[in-house]
Amino acid sequence: MNALARLATGFAAALLEAWQELRIHKLRVLLSLIGVTVAVASLTTALAGAGMARQMMTESLERDGRPAMITTYAFDARSDGGPQGDDSVAQAFEKTSERFKIDYTTMVGRSYDQRVSYQGMTLEAETLVVDQDYAPMHRLVISQGRWLEVEDAKNLSPAVVVDQNIMRELGLEGQRLPLTVDLVSNGDAVSVTVIGTASSRSFGMSGQLWMLPATYDHWFAGQSPMNEVAYKMWVPIEGSEELAMHFGQQMQAELPGFTVDSHREDYLMWGADESLKQLAMVVSGIAVIILLLGSLSLLNVSMVTMKQRIREVGIRRSFGATTGRVFFSVMMESVVATAVAGGLGVLISVALVSNESLLNMVLATELDQMPPFPLDAALLGMGVSVAVGALTGVLPALVAARVKIVDAIRV
């Protein structure tokens, strides 16, 4: 216990001595550490920025379905049409899902015959007919209002959720919800209630809106049947391909006369994208070069300063300072200096990467969910700066440790 206490006391004393020396030579140290600060900030920002970009890419990819997403289509052998979505197919899908104990399921039907109208302005829209589980399955974030609920099917006015494209193009941004717009289908207009808005998922002038299957069947199915219908499930990644095969077989047994196709459809099917990792590695490599240049500058300053402190080291040795104590204290000066520079670089990186407006401007898009600053990037930045300080301090520390008392006092 006493040995541990002495070790802790010696370490604290070495840190204090190192800090005092840095204060004495602060101008030289400051100039030499600018490169280290810039390099650590660049390295940390590169890693954190890659994480943010990966978050943006993940959000974009998962809008088509989170992994593992199994999609099921039912084709009527007696018809030349696309995937069917009548009551028999929906009941077979629900029954089979319960048999396999699937927690997240949704129907996804599409219609392109609707236009949204408000006070004389009209906008083409893609109508998606979905169940309540669609939002978590497709990372749909509601920015205002709320998502669809089962009880909304009973409303006297159809309840819909629209994207920000529709709100912007119709001049409805900033309006309080719920609000009423017209949904025009084959010349017939139906007043619908907008209960929520979500991030834009379509490009150009068109927009998207979501409603429940019961709502669409009651108000719009007669005038404009859905173009295509799919049934989706969100399941664990492990064993998802086998699950899709068995699910299709079971649902096929429930639908005589239909051909059922069930397979996995999500971005992880094709493997993870490594482009962002490669970009982070390139930027990190450039930052490491800058860091090495900064450490060479620090090494030069440390060597010059040590030549001027030979007499001081000899006096310390004459008063009983051991070789190990002199070596450790001199090396800690570089470690403390680079640790301070690294901490400053990490703070600069945090300020840059955590600025949501700046990040959205650089990425040219908006993140639905602002991720926290990656802790591993900050720890790596600090770790690299301390390691560079230790390597830079070894040579001056060896020079100081080899100083002979008599020769040093004669200087």
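**Exercise 1: Salt bridges**

Work out how many salt bridges the structure holds, and see what one of them links.

*Step 1.* Start with the rule: a salt bridge is a side-chain nitrogen of Lys or Arg within 4 Å of a carboxyl oxygen of Asp or Glu. By that rule, the structure holds 9 salt bridges. Keep in mind that this is a predicted model, where local features need pLDDT of at least 70 and side-chain atom pairs count only at pLDDT 80 or more, while totals for chains, interfaces and linings use all residues. Residues are numbered from 1 along each chain as its sequence is written, and side-chain values use heavy atoms, with hydrogens and water left out.

*Step 2.* Now pick Glu 254 and Lys 95, whose closest N and O atoms are 3.5 Å apart. This pair ties together distant parts of the chain, with Glu 254 in helix 7 and Lys 95 in helix 3 (residues 87–99), 159 residues apart. Helices (H or I, at least four residues) and strands (E, at least two) are DSSP runs, numbered from the N terminus.

*Step 3.* Check the cover, using these cut-offs: buried means under 20% relative accessible area, exposed over 50%, and partly exposed in between (1.4 Å probe, protein chains only). Glu 254 has 26%, so Glu 254 is partly exposed. Lys 95, at 43%, is partly exposed too.

**Exercise 2: A second bridge from helix 7**

Find out whether each partner of the Glu 241 and Arg 264 salt bridge is buried or partly exposed.

*Step 1.* Look at the gap: the closest N and O atoms of Glu 241 and Arg 264 are 3.1 Å apart. Glu 241 sits in helix 7 and Arg 264 in strand 11 (residues 258–264), 23 residues apart.

*Step 2.* Glu 241 has a relative accessible area of 45%, so Glu 241 is partly exposed. Arg 264 has just 9% relative accessibility, so Arg 264 counts as buried.

**Exercise 3: The length and sides of helix 7**

Compare the expected span of helix 7 with the model, then locate its buried residues.

*Step 1.* The expected span of a helix is 1.5 Å times one less than its number of residues. Helix 7 (residues 240–254) has 15 residues, so it should span 21 Å; its end C-alpha atoms are 21 Å apart, which agrees.

*Step 2.* The buried residues of helix 7 are Ser 240, Leu 243, Ala 244, Phe 247, Gly 248 and Met 251. They cover an arc of only 135 degrees around the axis, so they are on the same side of helix 7. The arc is that of the directions from the helix axis to the C-beta atoms.

**Exercise 4: Strand 8 and its neighbours**

Which strands pair with strand 8, and in what sense?

*Step 1.* Two strands pair if DSSP finds at least two bridges between them. Strand 5 (residues 142–145) runs antiparallel to strand 8, with 3 bridges. One facing pair here is Gly 145 and Gly 196.

*Step 2.* Strand 6 (residues 159–163) runs parallel to strand 8, with 5 bridges. Val 162 has Thr 197 as its bridge partner in strand 8.

*Step 3.* Strand 7 (residues 179–185) is antiparallel to strand 8 over 7 bridges. These two form a hairpin with 2 residues between them, and Asn 186 in the turn has a positive phi of about 55 degrees.

*Step 4.* Finish with the cover: in strand 8 (residues 188–198), 8 of the 11 residues are buried.
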